[in-house]
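User: Please take a close look at one part of this model and explain, step by step, how that part sits within the whole. Kindly define each technical term when it appears.

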Amino acid sequence: MSTAKGVVSLLLLTLTTLFWGVPLILLTLLKVITPGRHQKQRILDGLCRVALNWIGANLWWMRRWIKPDVNISIPDSLSPHQWWLVISNHRSWTDIFILFIALHRRIPMPRFFLKHQLIWIPIVGLAFWALEFPFMRRFSREQLAKNPKLATIDRESTERVCRQARNAPIAIFNFVEGTRFTVAKREKQQSPFRHLLRPKAGGVSQVLSLLGDKLDGILDVTISYENPTPTFWGFLCGKEACITLNARQLAIPQWMNEANYHEEQQHKERFHAWINSLWQEKDALLAKQTNHD
């Protein structure tokens, strides 16, 4: 029965994507041929409305068909007319839809930091590109050692998003660990955390230095699964156990707006200390929520 439910869920997700993919493709083509940033911005606004409707349609059937068991705690001060940086741990593809359930239309249209390979997903990849999501290539240390200029590619992508984000409210989402948590990845990294991978500070620091004066705050999100090995397929099948999302609003310290992460070693060390302290608190919360000592 659960497999049949998962197949129906996958079909509903596909049909919803195809339905909203039509106006998305048409607006994307229009955006490509339209000259002038002002006109493109108006089309981008239309693309955001399409994307929000796509998200809303999926949440509608998920709540009624999958009926996920989700506990949510978020600040009362959220607004879709403000600028936000959302940082979160990452366990499963399900995280994205749990974030949507908690924050849809409570904050502006989300832009996720994404792996560059996701641009090739049919329709969805086109949506990511048209909506100007920042794509990260995640070069290895060996590749960067051979060609240090590669490091500037991700920075330039983030700079473009932040520059354009000043025109209208935005919510920039970043799974700071860079990949989904597994015990094997934690051990390979020699992560000092029990329930988390090491946080990657560069993208967050760059957003804060470029957009900090516009941001209304940081949303620090912790997602916890009762199931120790959650999967998106299990979620679609309605088999996922209780999921808890806690979000708290953090003020942005003034020093984050006044320094350059990539050029000032002292600032880099201070920022690493800040985000590692945040991750220690998150690890302790996850230990409490998953009943681990």
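Analyst: The protein chain holds 10 helices and eight strands; helices (H or I, at least four residues) and strands (E, at least two) are DSSP runs, numbered from the N terminus. The radius of gyration of the chain is 19 Å, close to the 19 Å that the globule rule gives for 293 residues, so the chain is as compact as a globular protein of that length. This radius is taken over C-alpha atoms, and the globule rule is 2.2 Å times the number of residues to the power 0.38.

The model is predicted: local features need pLDDT of at least 70, side-chain atom pairs count only at pLDDT 80 or more, and totals for chains, interfaces and linings use all residues. Residues are numbered from 1 along each chain as its sequence is written, and side-chain values use heavy atoms, with hydrogens and water left out.

Along its principal axes, the C-alpha trace spans about 60 × 55 × 45 Å. Of the 293 residues, 48% are buried; buried means under 20% relative accessible area, exposed over 50%, and partly exposed in between (1.4 Å probe, protein chains only). Among contacts (heavy atoms within 4.5 Å) with a separation of 6 or more, 73% join residues 24 or more positions apart.

The part chosen for the close look is Ser9, which belongs to helix α1 (residues 2-33). Ser9 has a relative accessible area of 0% and is therefore buried. Leaving aside residues up to four places away in sequence, Ser9 touches Trp61, Trp65, Ile66 and Leu236. With Leu236 there is also a polar link: the side chain of Ser9 reaches the backbone oxygen of Leu236 at 2.8 Å. A polar contact is a pair of N or O atoms within 3.5 Å; within protein, one must be able to donate a hydrogen and the other to accept it, and residues adjacent in sequence count only if both atoms are side-chain atoms.

Two other places may be set beside Ser9. In helix α8 (residues 202-211), seven of the 10 residues are buried, so the helix is largely enclosed by the rest of the structure; among these buried residues are Gly202, Val204 and Leu211. Lys200 lies in the loop between α7 (183-189) and α8, and its relative accessible area of 38% makes this residue partly exposed. To summarise the part examined, Ser9 is buried and its side chain reaches the backbone oxygen of Leu236.
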